[in-house]
Structure formats: C-alpha cells, structure tokens
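Student: I would like to learn how to read burial, packing and confidence from a model. Where should we start?

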Amino acid sequence: MTGLFFASILAGIIIAAPFGPAGALVADAGLIRDRIKLRSTIFAAALGNGLIAFLVSFFASPAKIFFEKYENIFFAAGGVFLIVLGAFMFRGASLSVLPIKKTASAAAVFFIIILHPGNIAAFIFVTAFLSMKFLFFSDHRLVFVSGITIGAFFAFGLAGALFWMLSEKAEKYMRQIRYGLAGFIVVTGIFLIIKSF
C-alpha cells in the first residue's frame with residue numbers, strides 16, 4: 001500500500017508538471033501576487049486531478065470508450081473554453097488583474113483540469129499502469145486518489161511559488177509575461193479546435 005501511495009504521488013507530479021493551460025492560470029495568479037487567487041487555483045487544480053483520478057479508477061475502460069466516442073466534442077469544447085479564457089487574460093494583462101473574480105479563476109482551473117482530453121487520457125493510462133503493477137489496486141483506490149491529489153498539489157504549488165518569486169524580480173516585464181501566458185492558452189485552444197475536425 002505504501003508503494004502505491006508513493007507511486008501515485010509521483011504520478012500526480014508527472015501529470016501536473018507539464019506546463020499546460022491550468023499551469024498557466026496558476027502562474028498568472030502567482031505573477032499578479034494575489035495570495036487568495038493563487039491558493040484557490042492551486043487547490044482547484046489539485047482537487048480536479050483528484051476527482052479525475054477517482055472517477056477513472058472506477059471507470060477506466062468505460063471512460064476510455066466514452067472519450068474515444070466523443071473525442072471531437074471534448075476537443076472542440078475545450079478549445080473554445082481556452083480561447084475565451086485567453087481573451088479574458090489578454091484583456092486583463094494591461095490592468096494587472098484578471099477581470100474575473102478569484103473564485104471564477106479557481107473554477108476555470110478546475111474545469112480545464114477535468115475537461116482537458118489530454119488530462120483524461122493521461123489518467124486512463126496511469127490508472128491502467130498502476131492497476132497492473134499493484135494487484136490490490138481496486139481495494140485501495142483512495143490511496144491512489146490521495147497520492148495523485150498530493151502530487152498535483154505539490155507540482156502546482158511549486159509552479160505558483162516560482163512565479164510569485166519571478167514577479168518580484170521581473171516587475172517591468174510583467175505585462176509581456178502575462179501576454180505570453182494568455183497567448184499560450186489561446187494557441188492551445190486553437191490547436192484543440194483544429195484537432196476536433
């Protein structure tokens with residue numbers, strides 16, 4: 001059981017570590033030095049990863065079938081969502097704060113995490129792999145979910161802290177960095193829409 005727990009923490013870090021749209025929103029909260037927004041986005045990101053881990057641990061095979069069947073819809077919806085979010089960020093970059101409330105930022109991160117097709121596919125793969133490695137996996141799903149959540153919290157927390165420190169050192173480049181983050185989110189959204197066709 002301890003082995004599964006530590007393997008799940010590592011898996012949570014690995015899944016959360018690539019700098020995707022959710023990471024960009026966490027970074028943005030760190031850059032604008034808004035403690036409440038940063039904490040809420042990190043918590044929402046970790047919670048989203050934990051929820052996917054929980055659902056996929058029960059429904060790995062049906063989730064894979066459902067994902068493959070409606071893959072284009074997931075890609076298109078995710079792409080539109082990211083483009084709208086990126087547009088809000090572009091609009092807010094000149095004001096140094098996003099024109100959405102702190103809780104809305106956390107909600108955006110949560111929905112990015114649970115609806116992103118790449119995230120779902122990654123969890124299906126990780127769940128399948130760990131269930132093969134640990135024969136008692138189905139009896140200890142909560143250990144898996146806890147490990148994933150802790151790993152994601154660590155990865156997103158580290159990213160938020162790094163961008164918080166970066167904002168102190170690069171205050172004059174703040175607008176350019178935030179425009180870059182917004183651009184990254186919009187480009188990711190366009191890529192998902194193109195992939196849906």
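Tutor: Start with a definition: a residue counts as buried when its relative accessible area is under 20%, and as exposed when that area is over 50%. The model here is predicted. Of the 197 residues of the protein chain, 47% count as buried.

Student: How many helices and strands does the secondary structure of the protein chain come to?

Tutor: There are eight helices and zero strands. Read from the N terminus, the order is α-α-α-α-α-α-α-α. For contacts in the chain between residues at least 6 apart in sequence, 88% join residues at least 24 apart.

Student: Which residues have the most contacts inside the largest nonpolar core?

Tutor: As a general idea, nonpolar side chains tend to be buried together in soluble globular proteins. In this model the largest nonpolar core has 40 residues, and Ile113, Phe123, Leu130, Phe144 and Phe156 have the most contacts inside it. The elements that give two or more residues to this core are α1 (2-16), α2, α3, α5 (102-115), α6 (117-133) and α7 (141-169). For one of the central names, take Leu130: leaving aside neighbours within four places in sequence, Leu130 is in contact with Leu4, Ala7, Ser8, Phe137 and Phe144.

Student: Why is helix α2 described as largely enclosed by the rest of the structure?

Tutor: Count the buried residues along the helix. Eleven of the eleven residues of α2 (residues 21-31) are buried, so the helix is largely enclosed by the rest of the structure. Among them are Pro21, Leu25, Val26, Asp28 and Leu31. Just after α2, Arg33 takes a positive phi of about 55 degrees.

Student: What makes the nonpolar surface patch?

Tutor: Leu51, Phe54, Leu55, Phe58, Phe59 and Leu142 make a nonpolar surface patch of about 550 Å². Helix α3 (residues 35-69) gives the most to this patch, with five residues. Leu51 lies in α3 and is partly exposed, with a relative accessible area of 32%. For the chain as a whole, about 10,100 Å² is exposed, and carbon and sulfur atoms supply 74% of it.

Student: Which element has the lowest mean pLDDT, and which the highest?

Tutor: Read pLDDT as the predictor's confidence in each residue, from 0 to 100. Helix α4 (residues 71-93) has the lowest mean among the elements, 69, and α7 the highest, 84. Over residues 93-99 the pLDDT is below 50, and this stretch has 16 contacts in the model beyond near neighbours in sequence. The mean for the chain is 75, with 76% of its residues reaching 70 or more.

Conventions. Residues numbered from 1 in each chain as written. Predicted model: local features only at pLDDT ≥ 70, side-chain atom pairs only at ≥ 80, totals over all residues. Heavy atoms only, no water. Buried < 20%, exposed > 50% of the residue type's maximum accessible area, 1.4 Å probe, protein only. Helix = DSSP H or I, 4+ residues; strand = E, 2+ residues; numbered from the N terminus. Patch = residues over 30% accessible without salt bridge, like charges linked within 9 Å, V, L, I, M, F, W, Y side chains within 5 Å. Areas by Shrake-Rupley, 256 points an atom, 1.4 Å probe, with all protein chains shown as cover. Salt bridge = Lys/Arg side-chain N within 4 Å of Asp/Glu carboxyl O. Contact = heavy atoms within 4.5 Å. Core = buried A, V, L, I, M, F, W, Y, C linked by side-chain atoms within 4.5 Å.
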